Amino acid sequence: MLRSSLLLLCLIACPPGWAAQAVPWAQLSEAQRELLAPHGERWSSLTPAQQQRLQRGAAQWLALSPAQRQRVQARSHDWQSLPSQRKEMIRKRFKQFQALPEEVQARIVARVRWFQDLAPAQQQVWRQRWEALAPEGRRQVVERLERAGP
């Protein structure tokens, strides 16, 4: 569970394609080596980019509070328990999100944060309103949000 959470954190926090230099195993802190022990024997065969991603992920993991680590592990467990079709749909939507202009992405993120800041009872009211809308009504709401500013 810890290893899969660390891998998920690495994949999210460290985008591929960065110019990378190899990271010697001995350069890792003792805590990082302990955390990355499953990769120890094959460390030298990993690409420099993979080594750097794992090193950054381990450093980020070690910097998390116990509560934050628990939340990452729970999210990782949730992800792993999703059916493959649901995961694929999430990946597809994320790619669509990434293809949006930055200002549209920023509006979406602002709306999500606004929703997350609502009390749980208020969130439920908004969910029920959304679910009660017919497809045409939902489309109109989305169009209105797309036209609205941040």
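**A walk through an eight-helix model**

At 3% relative accessibility, Gln-51 counts as buried, because burial here means under 20% relative accessible area. That makes a good place to begin our tour of this predicted model. Gln-51 sits in helix H3. If we set aside neighbours within four places in sequence, Gln-51 is in contact with Ala-22, Val-23, Trp-43, Ser-44 and Leu-46. Keep Val-23, Trp-43 and Leu-46 in mind, as these contacts of Gln-51 will come up again shortly.

Let us step back for a view of the whole chain. There are eight helices and zero strands, so if you follow the elements from the N terminus on, they read α-α-α-α-α-α-α-α. Of the 150 residues, 19% count as buried. The chain exposes about 11,200 Å², and carbon and sulfur atoms supply 56% of that area. How much of the contact between residues at least 6 apart in sequence joins residues at least 24 apart? The share is 54%.

Now back to the interior. Which residues make up the largest nonpolar core? This core has 10 residues: Val-23, Leu-28, Leu-35, Leu-36, Trp-43, Leu-46, Leu-54, Ala-58, Trp-61 and Val-72. Helix H3, which spans residues 48-63, gives the most to it, with three residues. Here the names from the opening return: Val-23, Trp-43 and Leu-46 belong to the core, and they are also among the contacts of Gln-51.

One core member that deserves a closer look is Trp-61, which lies in helix H3. Is Trp-61 buried or exposed? At 2% relative accessibility, Trp-61 counts as buried, because the cut-off for burial is under 20%. Another core member, Val-72, is 11 residues from Trp-61 in sequence, and the two are 9.2 Å apart in space, C-alpha to C-alpha.

Further along the chain, the scene turns to open space. The largest pocket has a volume of about 1,500 Å³. Of the 27 residues that line this pocket, the closest to its centre are Ile-108, Arg-111, Val-112, Phe-115 and Leu-145. Which elements give two or more residues to the lining? They are helix H5 (84-99), helix H6 (102-117), helix H7 (120-132) and helix H8 (135-147). Among these, H6 supplies the largest share of the lining, 11 residues. By residue type, the lining divides into 17 nonpolar, two polar and eight charged.

Phe-115, one of the residues closest to the pocket centre, leads us on to Trp-126. The place of Trp-126 is in helix H7. Phe-115 and Trp-126 are 11 residues apart along the chain, and their C-alpha atoms are separated by 8.8 Å. Not counting residues up to four places away in sequence, Trp-126 touches Trp-114, Phe-115 and Leu-118. With a relative accessible area of 39%, Trp-126 is partly exposed, because that value falls between the 20% and 50% limits.

Our last stop is Leu-133, in the loop between H7 and H8. Leu-133 has a relative accessible area of 33% and is therefore partly exposed. Which residues does Leu-133 contact, leaving aside its neighbours within four places in sequence? The answer is Arg-138 and Val-141.

Terms used:
Residues are numbered from 1 along each chain as its sequence is written. This is a predicted model: local features need pLDDT of at least 70, side-chain atom pairs count only at pLDDT 80 or more; totals for chains, interfaces and linings use all residues. Side-chain values use heavy atoms; hydrogens and water are left out. A nonpolar core is a set of buried Ala, Val, Leu, Ile, Met, Phe, Trp, Tyr and Cys residues joined through side-chain atoms within 4.5 Å. Buried means under 20% relative accessible area, exposed over 50%, partly exposed in between (1.4 Å probe, protein chains only). Helices (H or I, at least four residues) and strands (E, at least two) are DSSP runs, numbered from the N terminus. On a 1 Å grid over the protein atoms alone, a cavity is a set of points where a 1.4 Å probe fits but cannot get out, and a pocket is an open set with protein on both sides within 12 Å along at least five of seven lines; lining residues have an atom within 4 Å of a point. Grid points are joined across faces, edges and corners, and a volume is the space filled by probe spheres set on the points. Ala, Val, Leu, Ile, Met, Phe, Trp, Tyr, Cys and Pro count as nonpolar, Asp, Glu, Lys and Arg as charged, and the others, Gly among them, as polar. Contact means heavy atoms within 4.5 Å. Accessible areas come from the Shrake-Rupley method with a 1.4 Å probe; for residues, only the protein chains shown count as cover.
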